[in-house]
Amino acid sequence: MAEFQVRGDEGQALLFDLDVAVWGNGYQPDIRLCPHYLPGGAIDYREQTLFEFCYISIPPEYPHVIVPGKNFYYGVDMTVTCSDMAVGVDSDNRNELLAGYGEMTNKYRDVRLRVDKQGVYIATLKHIMLSFEIQSRS
């Protein structure tokens, strides 16, 4: 969150031109690969979340495996208010679907968010607030 003092009298036309860079490390959730029988008796692995269990009874030489998943997430939502009045919102993400299972080596990402709005406000404006929220990982 960021907050700045501003001055604007009631009835004045105000221009908000905000260009914000947000950066940080993304998130790559682990998944469980569960063995299961294919038609004909072959064994393959099926993706499941860590909260799911492997239900099919497979011989112990084929255990479940926990690996970094193929989904990588980094996203940010920005909300701009001025003296508790809505000004604008923007959001962006750098989510990726990876080709295979493996730890993402570079998790650093950045997004640029922008709110460009002009308006006449029916109040005396005293502060502008930028709120940021990491997007859900689903």
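Visitor: Which residues make the nonpolar surface patch of about 230 Å²?

Guide: In this predicted model, a nonpolar patch of about 230 Å² lies on the surface. One of its members, Y62, has its place in the loop between strand 4 (43–48) and strand 5 (65–68). The residues that make the patch are Y45, Y62 and V65.

Visitor: Is Y62 buried, partly exposed or exposed, and what is its relative accessible area?

Guide: A residue counts as buried under 20% relative accessible area and as exposed over 50%, with partly exposed in between. Y62 falls in between and is therefore partly exposed, its relative accessible area being 34%.

Visitor: Which residue lies over the face of Y101?

Guide: A search of the whole structure for aromatic pairs finds 0 of them. The face of Y101 nevertheless has a residue lying over it, at 4.8 Å from the ring centre, and that residue is K70.

Visitor: How many helices and how many strands does the protein chain have?

Guide: Read along the sequence, the protein chain follows the pattern β-β-β-β-β-β-β-β-β-β-β. The count for the protein chain is accordingly 0 helices and 11 strands.

Visitor: What radius of gyration does the protein chain have, set against a compact globule of 138 residues?

Guide: The C-alpha atoms of the protein chain fill a box of roughly 75 × 25 × 20 Å, taken along the principal axes. Of the 138 residues, 33% count as buried. A compact globule of 138 residues would have a radius of gyration near 14 Å, whereas the value for the protein chain is 24 Å.

Conventions:
Residues are numbered from 1 along each chain as its sequence is written. This is a predicted model: local features need pLDDT of at least 70, side-chain atom pairs count only at pLDDT 80 or more; totals for chains, interfaces and linings use all residues. Side-chain values use heavy atoms; hydrogens and water are left out. Patches are made of residues with over 30% relative accessible area and no salt bridge: like charges are joined within 9 Å, nonpolar side chains (Val, Leu, Ile, Met, Phe, Trp, Tyr) within 5 Å. Accessible areas come from the Shrake-Rupley method with a 1.4 Å probe; for residues, only the protein chains shown count as cover. A salt bridge is a side-chain nitrogen of Lys or Arg within 4 Å of a carboxyl oxygen of Asp or Glu. Helices (H or I, at least four residues) and strands (E, at least two) are DSSP runs, numbered from the N terminus. Buried means under 20% relative accessible area, exposed over 50%, partly exposed in between (1.4 Å probe, protein chains only). Rings of Phe, Tyr and Trp (its six-membered ring) pair if their centres lie within 6.5 Å; planes under 30 degrees apart count as stacked, over 60 as edge-to-face and the rest as tilted. A charge sits over a ring if NZ of Lys or CZ of Arg is within 6 Å of the ring centre and within 35 degrees of the ring normal. The radius of gyration is taken over C-alpha atoms; the globule rule is 2.2 Å times the number of residues to the power 0.38.
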